[in-house]
Amino acid sequence: MIRAELTKLRTVRGWLFGLTAAVVLFVGSALLVAAGSHMSCGDQACPAPPVGPDGQAVEDHFGFAHRTLAGDGSLTAHVRDFSGIITYPPPRHDQIVEGLVPWAKAGLVIKDGTRPGSPYAAVMLTGSHGVRMQHDYVHDRAGGPTGARWLRLTRTGASVTAYASLDGKTWTTVGTVEMSGPAEIGFLIASPGDITVTENGLGGTSVQSRFTQASAVFDQITSTAGGEWRYDEVGGGGPGADWEKYHRPAGLEASAGRLTLTGSGDLAPVSGMAAVPYLAGTVPALLAVLIVAVLFITSEFRRGLIRTTLLASPARGHVLAAKAAVIGGVTFTVVLVAVVAARAWSTTVFRANGNIVLPTGALTDLRLAVGTAALLAVTAVLAYGLGVLLRRGLPAILLAVLLTVVPYLLATTSLLPPGAGEWLLRVTPAAGFAVQQTFPAYGHVLLPYTPAQGYFPLAPLAGLAIAAAWALGLLVLAVLRFRRADV
Amino acid sequence: MEATIEVSGLSKRYGSTVALDRMTFRVTPGQVTGFVGPNGAGKSTTMRILVGLDRADAGTAKVGDRSYHELVRPMTTVGTLLDAAAIHPARTGRNHLLWLAQSQRIPAGRVDELLEEVGLAGAARRRGGGYSLGMRQRLGVAAALLGDPPILILDEPFNGLDPAGFVWMRDLLRRRAEQGRAVLVASHLMGELQDLAGHVVVVAGGRVVADAPTRDMRDRYGSLESAYLELVR
Ligand SMILES: Nc1ncnc2c1ncn2[C@@H]1O[C@H](COP(=O)(O)OP(=O)(O)OP(=O)(O)O)[C@@H](O)[C@H]1O
Ligand SMILES: [Mg+2]
């Protein structure tokens, strides 16, 4: 029965054309968007961000006052003062104000040298998230008593343990992580850019980051590591912002047992930078697939061919299931080929335009390719189910578009308030688009994690499961209704 | 399995229209059985119920002692021609038969054999949408014969055929009957049936009004046509 349905699908030229169009649209859109993306940094190629221990592209830029830590050891200090400035914040963006951004960081760190992207473990006071222990850019945990200003970092063997205290006498453990080998131990200061989102008409948004700077005064310092406190601006390129040039440069001042560290930057995974846009053709391809999937069944009703089909296979549930399997399976295969082609081709074009290609990881790449193929296959089955229920092509196509493409477009443009958009991406079959989220959303990196920026309210597989539940539900409904009907 | 068709107490309404009203008859193998009656008498409805497309409100319809939906590879038991226009216009005649063959696990060679037999070999690779009425009819007959079934259910098989086609169809049906198959033919062509059918079932208003050997009808009323006109009056 599967074989017969496959033959049916491949022997109508219009449907072959539709499936080919899906591939062409998918690959073509990816190429078009890649060709339209340019990045330039003066005359040379833009520097790629460093890659962290876990394989992600990371930002590793902070003020670092350090000594060499040979083996075991510890560093204790009191954060006497922690303050900063934010340039031109909302709403009017017209003045520089005093204050700290939520994830400004001042604290203690053990790091494998000063090479950007190298492993580290740190305990820190943040602008508004209390004491945190963070390591290797992507790991973050809160801890310590509220209002603690005393920090301690110790290394014993291969473990680094972070503590926090209110008075410097009673200590609470914040966390322990594994880290061995030679290391530098010292103080860190960082202050990420102030992120604002503006709508730029036509439902699009743009994200801006404005310069901020933080300053911390550490005193009552106890260090087992000896020697001078050496200062490095890790990952820095010298004074960049006007503020640093004319008001307060980044750097270290040491006096009478006190260290004052001033700087900007962050230790965090890079997000918010565009990945290779090889999934850009998803919606156009989806539309083509959707039409073929609907016509695959409604044309049978239109011509009375469904009767011939049922004469050949009277088990109606099986017939509908076989057709669903064929349209789903063929869509999956075709789209998988399209994704692989689009990825290979558009990456070349994207890179040739000077764009930085962020590493995504083999597992993520696999998920994006297989997930996108599955998303379109599931949507095709859903459209086909609507075709069985409505028995007419145009209404079924329109309803399928209304259930899948429309919610996605509404949510990813800023036509709807973000809350409503995210709700749509939770309950409608468009939830399946979650499988296309490239980078995870990190709680310790403040960014607009909105659908417009490629972040979805549901986890990839959860979103796909919602879409699959819709498809399955409609299919079951269709089978139940069709099973006892006269045709 | 015995090649018979058995319709027993079949009733069917479409909304307020009574299509079948306790329709009962039996088709035996070895002869062509004519199924005649005025427009709307319920012939097509009976056939659709026989092959499981429509559901009867009451009564049973069996082909070869079984319900159609119990048959494995049903087209190898029952060959059906209901509506020859039911093809996808973009699919070629050959491909239409090909998917049908695959669904019954019949080798593809049989498709080409049949196309030859029904006289469509030349048009086999053309789109079905471009077929004439008679060509579609031939394609429909090919589909019915595909599984070499012992039971044939044909609704107006002479539709759209040319004079040579009439002769061909007559021979084809007669030959199948002589091979011991059960052949039920719904038609309005009394002249054709008079020579072809060994038995006739006359229906009107969804009920059987006469069920007798053609010879008896002719003996009693002179011709099948007069019998029909008399009976359904
Ligand atoms: N799908 C349907 N919906 C509503 N009424 C129907 C349907 N199919 C058949 N009928 C009605 O049932 C009755 C029997 O129709 P049927 O097609 O079986 O007659 P028939 O004997 O084949 O007629 P004809 O000689 O014109 O082909 C008619 O009154 C017809 O209008
Ligand atoms: Mg009829």
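A salt bridge, for the purposes of this talk, is a side-chain nitrogen of Lys or Arg that lies within 4 Å of a carboxyl oxygen of Asp or Glu. I begin there because that rule is applied at two interfaces in what follows, and please keep in mind throughout that what we are looking at is a predicted model.

Let me start inside chain A, which is divided into domain 1, made of residues 2-35 together with 274-484, and domain 2, which covers residues 58-269. The C-alpha centres of these two domains of chain A lie 44 Å apart, and the contact takes 12 residues from domain 1 and 16 residues from domain 2. Between them, domain 1 and domain 2 of chain A bury about 1100 Å², and 64% of that area is on carbon and sulfur atoms. If you ask which residues supply the area on the domain 1 side, S414(A), H444(A) and L446(A) give 52% of what domain 1 buries against domain 2, which is more than any other three residues.

How many salt bridges does the rule find across this interface of domain 1 and domain 2 of chain A? The number is zero, and the count of residue pairs in polar contact, with both residues at pLDDT 80 or more, is one. On the side of domain 1 of chain A that touches domain 2, the residues divide into seven nonpolar and five polar, with no charged residue.

Now I would like to stay with domain 2 for a moment and look at one residue, I86(A), which has its place in strand β2, residues 73-87 of chain A. Is I86(A) buried or exposed? I86(A) has a relative accessible area of 11%, and because buried means under 20%, I86(A) counts as buried. Leaving aside neighbours within four places in sequence, I86(A) is in contact with a set of residues that includes Q95(A), I96(A), V97(A), D194(A) and F211(A). By way of contrast, I86(A) and A280(A) are 194 residues apart in sequence and 35 Å apart in space, taken from C-alpha to C-alpha.

Let us turn to the interface between the two chains, where 29 residues of chain B are in contact with 25 residues of chain A. The area buried between chain B and chain A is about 2400 Å², and carbon and sulfur atoms give 59% of it. Within chain B, the residues that lose the most area to chain A are L53(B), W99(B) and Q102(B), which together account for 28% of what that side buries.

Here the rule finds one salt bridge, in which the side chains of D486(A) and K12(B) meet at 2.6 Å, N to O. The count of residue pairs in polar contact between chain B and chain A, both at pLDDT 80 or more, is 11. The elements of chain B that give two or more residues to this side are β1 and α2 (93-103), and α2(B) gives the most, with seven residues. By class, the side of chain B that touches chain A has 14 nonpolar, nine polar and six charged residues.

Finally, a residue in strand β1 of chain B, which spans residues 5-14, is S11(B). S11(B) is buried, with a relative accessible area of 16%, and a polar atom of the side chain of S11(B) lies 3.1 Å from the backbone nitrogen of R22(B). Apart from neighbours within four places in sequence, S11(B) is in contact with L20(B), D21(B), R22(B), A56(B), D57(B) and A58(B).

Terms used. Residues are numbered from 1 along each chain as its sequence is written. Chains are lettered from A and ligands numbered from 1 in the order in which they are written. This is a predicted model: local features need pLDDT of at least 70, side-chain atom pairs count only at pLDDT 80 or more; totals for chains, interfaces and linings use all residues. Side-chain values use heavy atoms; hydrogens and water are left out. Domain bounds come from an automatic or database domain assignment. Contact means heavy atoms within 4.5 Å. Buried area is the accessible area (1.4 Å probe) that two parts lose on being put together, summed over both. A polar contact is a pair of N or O atoms within 3.5 Å; within protein, one must be able to donate a hydrogen and the other to accept it, and residues adjacent in sequence count only if both atoms are side-chain atoms. Ala, Val, Leu, Ile, Met, Phe, Trp, Tyr, Cys and Pro count as nonpolar, Asp, Glu, Lys and Arg as charged, and the others, Gly among them, as polar. Helices (H or I, at least four residues) and strands (E, at least two) are DSSP runs, numbered from the N terminus. Buried means under 20% relative accessible area, exposed over 50%, partly exposed in between (1.4 Å probe, protein chains only).
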